[in-house]
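Q: Please go through the pairing, packing and contacts in this structure, and say in each case what the wording rests on.

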Amino acid sequence: MSEKIKVPTMAEYLAQGKTPEVLFWVGCAGSFDDRAKKISKAFAKLLNKAGIDFAVLGTEESCTGDPAKRAGNEFLFQMQAMANIQVLDGYAIKKIVTTCPHCFNTFKNEYPELGGNYEVMHHTQFLRALINEGRLKVEGGKYKGKRITFHDPCYLGRANNEYEAPRELLQKLEVELIEMKRSKSRGLCCGAGGAQMFKEPEKGTKEINIERTEEAIETNPEIIATGCPFCNTMMTDGIKAKEKEDSIAVMDITELIANAADL
Amino acid sequence: MQYLPNIIFLIVLVLGIGYFTRNIRKIIRNIRLGQKVDASDNKKERWKNVFRIALGQSKMTVRPISGLMHIIVYLGFVIINIEVLEIMIDGLLGTHRIFSFFGVAYDYLIASFEMLAILVLVAVIVFWLRRNVQRLKRFFNPEMKGWPRNDANIILYFEVAIMTLFLTMNAFDLQLQTLGTEHYVSAGLFPVSRYLLPLIDNYSEATLIIIERTAWWMHIIGILIFLNYLYFSKHLHILLAFPNVYYGKLTPNGKFKNLEAVTREVKLMMDPTADPYAAPTEGMETPAKFGASDVMDLTTIQLLNAYTCTECGRCTNECPANQTGKKLSPRKIMMDTRDRLEEVAANIDKNGTFEPDGKQLLDDYITREELWACTTCNACVEACPVSIDPLAIIMEMRQYLVMEQSAAPTELNVTMTNIENNAAPWPFNQMDRANWINE
């Protein structure tokens, strides 16, 4: 478990005159949020295990501008985007994988018009590809038969029509996947999108993450799986509010796969 | 005087269609108050959407019960209208059932109209029960008080009246055919209205003719009134759903429009060789404003969206903010946009051009509280059966608030300052960004 992860930076690669196969875009949450850092580490471990030639931008990485754009600040978004594109193109990056659906969506859909053209993958898509290509092996192991429900991140699901990659990974883990009442294209938002993560919600009768957590709890799961650091925070908060943290864990699919492989 | 009915029919028809045309032109003028957008791309995909989503009702069936009922009413509406063509010709020429020369085909056509008519009646009654007895929650949101609720019921009453008149007209016609009355050619199969015959068995021929004619006239006049009612109603979707779906968003839901005007400015800012004092290039003027605070700032497609909305509330029903008691309702965003557009249109009708009335879409119709409650989750966009995009309007209004008024909620201003200064929404140092690797 304590084996040190190898996460080289693009600058190091450049110094050696090499380019990696893929850039791992960690994202702000993955870099700074204590819970999300664990997801970044789990993903890095899997990349190490599969022997993937990858790098991160490290201190050269910056916010993609997604929260600014959704908040309505197009100036700040485009400033961020253009600066990021300069860095990415400076390293001649062709392929990006990220553990954050918001970064994923922004790169994939909003950067091309600003001159940033990359092959962009969400980590669940990337891991699925590795498994299908035989570069990574996944066994059920400790999650075999466990009751797990999957919360669709809006920016992976509805925003980009990717509902299957995370579910296929869960199937590989041989878990008992139980769908919530609202799932896939009708999945309920966790409440964090559109820059809501960074502000207090408007007055209402209930918090969105509580509504969603209650729905997840109805499936009587051992684990709520998701694929977004912000969904993870919202669902974790929901589980704490419902005092279920002893019986239900909120985990990223990457963590499940890494744990199953005893990484 | 022999041609009096024909002349009256012609006058009624011209009035009915004329007034309708006038209002449709008004709608087109109003929609054109919006910002032009180029949607001449991807014709093939757009037509495919029209066939799949509008004609094929593919998104209606996400909810099986209302979806099935809707398909019945929709098919009934489309198919039974073939009958209207015959009625018009008969009315103008003074003929009766002029298509009857099709023989057996005509028999089955009339039979299918009757079957559909009874199915439509059943579906409409179910719709009425859902609204007024079962009282589904989505029909009772605050924005559904008053006119919107009455409007919905009036539409159902219209449909009941038109279908009932159609069947009545057929029943009396059939009885007259059986009696061999002159002018009433024996044509058509009447699998539904024939069950009404025992009720009118002992009516005299003269009474039968009077009632048949009355039903026939009321049926066609009812249709013309209904046609003209559309403009004042949420029911315009029966026409506008088709162009609206054609112009619907083709890119992934997650792709939000990049503002080109901003791109130019940002490029200029980031270009070290740019001359800040250079005269603006031709055709590159800065837009009057960023984002939208009134309907004229929205695009023509967004205004078409507003006229198309039939207030079904599927969007609001899926909206996470609305479901947790926040004020935001995507349906209300569309209704407000249309109401404000109608207000602007009335202003133009009165003054020739738009005279500022001290009102706008923002604040006077849509509050900031509603706009900031959105999680941009796209549930409303996904739910809309006719490809309306309430989220695009919310985003444009947020852009106005932030870029024109610097009126973002305080916490978001902090977030944005952090992004600017620390390259992350939180106040962490960018230099610590790779620390997680070794922690």
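A: The model is predicted. A starting point is A:Leu23, whose bridge partner in strand 2 of chain A is A:Ala55.

Q: What makes strand 1 and strand 2 of chain A a pair?
A: Two strands pair if there are at least two bridges between them. Strand 1 (residues 22-25) and strand 2 (residues 54-55) of chain A have 2 bridges, in the parallel sense, so they count as paired under that cut-off.

Q: How do you know that strand 1 of chain A also pairs with strand 3 of chain A?
A: The cut-off is again at least two bridges. Strand 1 of chain A and strand 3 (residues 95-98) of chain A are joined in the parallel sense over 3 bridges. Within strand 3 of chain A, A:Val97 stands opposite A:Phe24.

Q: What is the strand order in the open sheet of chain A that has 4 strands?
A: The order is 6-5-7-8, and the pairing is parallel.

Q: Why do strand 6 and strand 8 of chain A stand at the edges?
A: Strand 6 (176-177) and strand 8 (249-252) of chain A each have a single partner strand, so one side of each is left without a neighbour in the sheet. For strand 6 of chain A, strand 5 (residues 147-150) of chain A pairs with it in the parallel sense over 2 bridges. A:Arg147 has A:Glu176 in strand 6 of chain A as its bridge partner.

Q: Which helix of chain A packs on the sheet, and what does it touch?
A: Helix 10 (residues 229-241) of chain A does, touching strand 7 (223-226) and strand 8 of chain A. The direction of helix 10 makes about 175 degrees with that of strand 8 of chain A. Angles over 145 degrees count as roughly antiparallel, so helix 10 and strand 8 of chain A run roughly antiparallel.

Q: How do you know that domain 1 and domain 2 of chain A touch?
A: The domain assignment gives domain 1 (10-131) and domain 2 (138-260) for chain A. Their C-alpha centres lie 22 Å apart. Contact requires C-beta atoms within 7 Å, and 29 residues of domain 1 of chain A are in contact with 28 residues of domain 2 of chain A. On the side of domain 1 of chain A that touches domain 2 of chain A, helix 3 (34-49) of chain A gives the most, with 8 residues. The residues of that side of domain 1 of chain A divide into 13 nonpolar, 9 polar and 7 charged.

Q: How is chain B divided, and how many residues join its domains?
A: Chain B has domain 1 (4-31 + 63-246) and domain 2 (260-269 + 288-429). The C-alpha centres of these two domains of chain B lie 39 Å apart. In contact are 18 residues of domain 1 of chain B and 21 residues of domain 2 of chain B. Helix 7 (237-246) of chain B gives the most to the side of domain 1 of chain B that touches domain 2 of chain B, with 6 residues. By class, that side of domain 1 of chain B has 9 nonpolar, 5 polar and 4 charged residues.

Q: Why is helix 2 of chain B called oblique to helix 7 of chain B?
A: Helix 2 (residues 43-55) and helix 7 of chain B pack at about 140 degrees, with their axes 8 Å apart. Roughly perpendicular covers 65 to 115 degrees and roughly antiparallel begins over 145. The angle of about 140 degrees fits neither class, so helix 2 of chain B is oblique to helix 7 of chain B. The crossing of these helices of chain B is right-handed. Among the residues that meet are B:Val50 and B:Ile53 in helix 2 of chain B and B:Phe242 and B:Val245 in helix 7 of chain B.

Q: What makes helix 9 of chain B roughly perpendicular to helix 12 of chain B?
A: Helix 9 (residues 300-308) and helix 12 (residues 330-351) of chain B pack at an angle of about 100 degrees. The class runs from 65 to 115 degrees, so helix 9 of chain B is roughly perpendicular to helix 12 of chain B. The contact includes B:Leu303 and B:Tyr307 of helix 9 of chain B, and B:Met334 and B:Leu341 of helix 12 of chain B.

Q: How many residues of chain A and chain B are in contact?
A: The contact involves 59 residues of chain A and 57 residues of chain B. Helix 5 (74-90) of chain A gives the most to the side of chain A that touches chain B, with 7 residues.

Definitions and conventions
Residues are numbered from 1 along each chain as its sequence is written. Chains are lettered from A and ligands numbered from 1 in the order in which they are written. This is a predicted model: local features need pLDDT of at least 70, side-chain atom pairs count only at pLDDT 80 or more; totals for chains, interfaces and linings use all residues. Two residues are in contact if their C-beta atoms, placed from the backbone, lie within 7 Å. Axes are lines fitted to C-alpha atoms, for helices over the stretch in contact, and angles run from 0 to 180 degrees between N-to-C directions. Domain bounds come from an automatic or database domain assignment. Ala, Val, Leu, Ile, Met, Phe, Trp, Tyr, Cys and Pro count as nonpolar, Asp, Glu, Lys and Arg as charged, and the others, Gly among them, as polar. Angles under 35 degrees count as roughly parallel, over 145 as roughly antiparallel, 65 to 115 as roughly perpendicular and the rest as oblique. A crossing is left-handed if the near helix is turned anticlockwise from the far one by less than a right angle, and right-handed if clockwise.
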